[in-house]
Amino acid sequence: MVRPAQSSAPSSLPFGEALASLVVELLARQGLVLWGWNAHWMLMKGDRFVYELLKDTRREMFATADRSAFTAWLAQQSPQALNDHVRRQCTDTVEVITHHLLAEAVAAQSGVNDPTPYGAALANAVADALDRGVAVTYTHRDYCGMGLCRTGGDYEYGPVYDGNLYDGAKFPTHDAFVAWLAAQSDATLAGREDPAPFNWDNQRITRARLMEAIAGPGNGDAL
């Protein structure tokens with residue numbers, strides 16, 4: 001469970017299918033994703049997925065036993081929309097559910113070297129983030145692990161040094177990149193096939209980093 005950060009200007013950008021699917025998967029597995037300081041919850045009640053407010057009394061705002069319906073509903077929501085739900089019932093709350101909060105909730109429950117493929121929804125969302133100028137690269141000195149970026153018309157995956165990606169594998173089209181990334185997982189990208197143990201699990205691409213990337217504002221942030 002994660003407590004949301006404060007925000008004075010909630011984003012109106014919808015959470016989207018990729019993030020919503022991962023949150024619902026976490027709900028199905030864990031039963032509870034987060035709370036907003038005594039304000040809002042996402043949880044399982046029996047076989048139902050529920051979004052509810054908790055302020056003096058519980059108020060269900062959206063509930064369904066249909067996993068696909070809950071995913072579709074959450075994908076269409078935004079921090080602003082959920083904040084509006086809360087403000088109508090809890091005028092004193094200052095907590096807001098954000099893209100980063102949901103990504104953190106998912107990442108916190110991700111297994112180390114999880115073999116589950118990332119899938120097309122997440123891969124498409126990552127490609128869209130790269131299109132917006134997001135670079136999934138660490139930026140400290142020397143070896144910075146593995147990264148993703150878009151250079152010219154190519155999508156690239158490769159080693160990063162001093163914040164710059166060098167000699168990466170190149171994918172010339174959106175579809176080619178998505179097909180490759182969708183089939184990958186934390187396990188396949190952990191670097192265990194490398195003969196140098198230094199590179200194993202060392203600043204590799206993970207689901208958590210990809211979730212951070214798709215939640216990024218699209219201004220060239222390096223993650």
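## A tour starting from Lys45

Begin by selecting Lys45, which counts as partly exposed at 27% relative accessibility; here buried means under 20% relative accessible area, exposed means over 50%, and partly exposed is what lies in between, with a 1.4 Å probe and protein chains only. The model on your screen is predicted, so local features are reported only at pLDDT of at least 70 and side-chain atom pairs only at pLDDT 80 or more, while totals for chains, interfaces and linings use all residues. Residues are numbered from 1 along each chain as its sequence is written, and side-chain values use heavy atoms, with hydrogens and water left out.

**Stop 1: the salt bridges around Lys45**

Keep Lys45 selected and add Glu52, whose side chain meets that of Lys45 in a salt bridge with N and O 2.8 Å apart. The term salt bridge stands for a side-chain nitrogen of Lys or Arg within 4 Å of a carboxyl oxygen of Asp or Glu. Glu52 itself is buried, with a relative accessible area of 0%.

Next add Glu60, which also forms a salt bridge with Lys45, the closest N and O atoms being 3.2 Å apart. Because Glu60 belongs to strand S4 (residues 57-64) and Lys45 to strand S2 (residues 40-45), this pair ties together parts that are 15 residues apart in sequence. Strands (E, at least two residues) and helices (H or I, at least four) are DSSP runs, numbered from the N terminus.

Which residue should you add after Glu60, as its other partner in a salt bridge? Select Arg48, whose side chain meets that of Glu60 at 2.8 Å, N to O. This pair links distant parts of the chain, with Glu60 in strand S4 and Arg48 in strand S3 (residues 48-55), 12 residues apart. Both partners are partly exposed, Glu60 with a relative accessible area of 38% and Arg48 with 28%. With Lys45, Arg48, Glu52 and Glu60 shown together, you have a network of residues linked by salt bridges, and the count of salt bridges for the model comes to four.

**Stop 2: helix H1**

Now select residues 16-30, which make up helix H1: its 15 residues reach 21 Å from the first C-alpha to the last, close to the expected 21 Å, where the expected span is 1.5 Å times one less than the number of residues. The buried residues of H1 are Ala18, Leu19, Ala20, Leu22, Val23, Val24, Leu26 and Leu27. Just past the helix comes Gly31, whose phi is positive, near 90°.

**Stop 3: the nonpolar cores**

In soluble globular proteins, nonpolar side chains tend to be buried together. A nonpolar core is a set of buried Ala, Val, Leu, Ile, Met, Phe, Trp, Tyr and Cys residues joined through side-chain atoms within 4.5 Å. Select Val126, Leu148, Phe177 and Ile205, which touch the most other members among the 52 residues of the largest nonpolar core. Helix H1, from the previous stop, gives the most to this core, with eight residues. A second, separate core of five residues includes Ala135, Cys144, Val160 and Leu165.

**Stop 4: the aromatic rings**

Turn to the rings of Phe, Tyr and Trp (its six-membered ring), which pair if their centres lie within 6.5 Å, and whose planes count as stacked when under 30 degrees apart, edge-to-face when over 60 and tilted otherwise. The count comes to 12 aromatic pairs. Select Phe70 and Trp73, whose ring centres are 5.4 Å apart and whose planes stand at 50°, so the pair is tilted. The two residues are three apart in helix H2 (residues 67-76), a separation of about one helical turn, and Phe70 is buried at 0%, as is Trp73 at 12%. In helix H6, Phe177 and Trp180 are likewise a tilted pair, with ring centres 6.1 Å apart and planes at 40°. Returning to Phe70 and Trp73, add Phe49, Tyr51 and Phe62, since ring pairs link these five residues into a cluster.

**Stop 5: two residues with positive phi**

Most residues other than glycine have a negative phi. Select Asp167, where phi is near 50°, in the loop between strand S7 (164-165) and strand S8 (169-171). Is Asp167 buried or exposed? With a relative accessible area of 79%, Asp167 is exposed. Finish at Gln203, where phi is near 60°, in the loop between helix H6 (174-182) and helix H7 (207-214).
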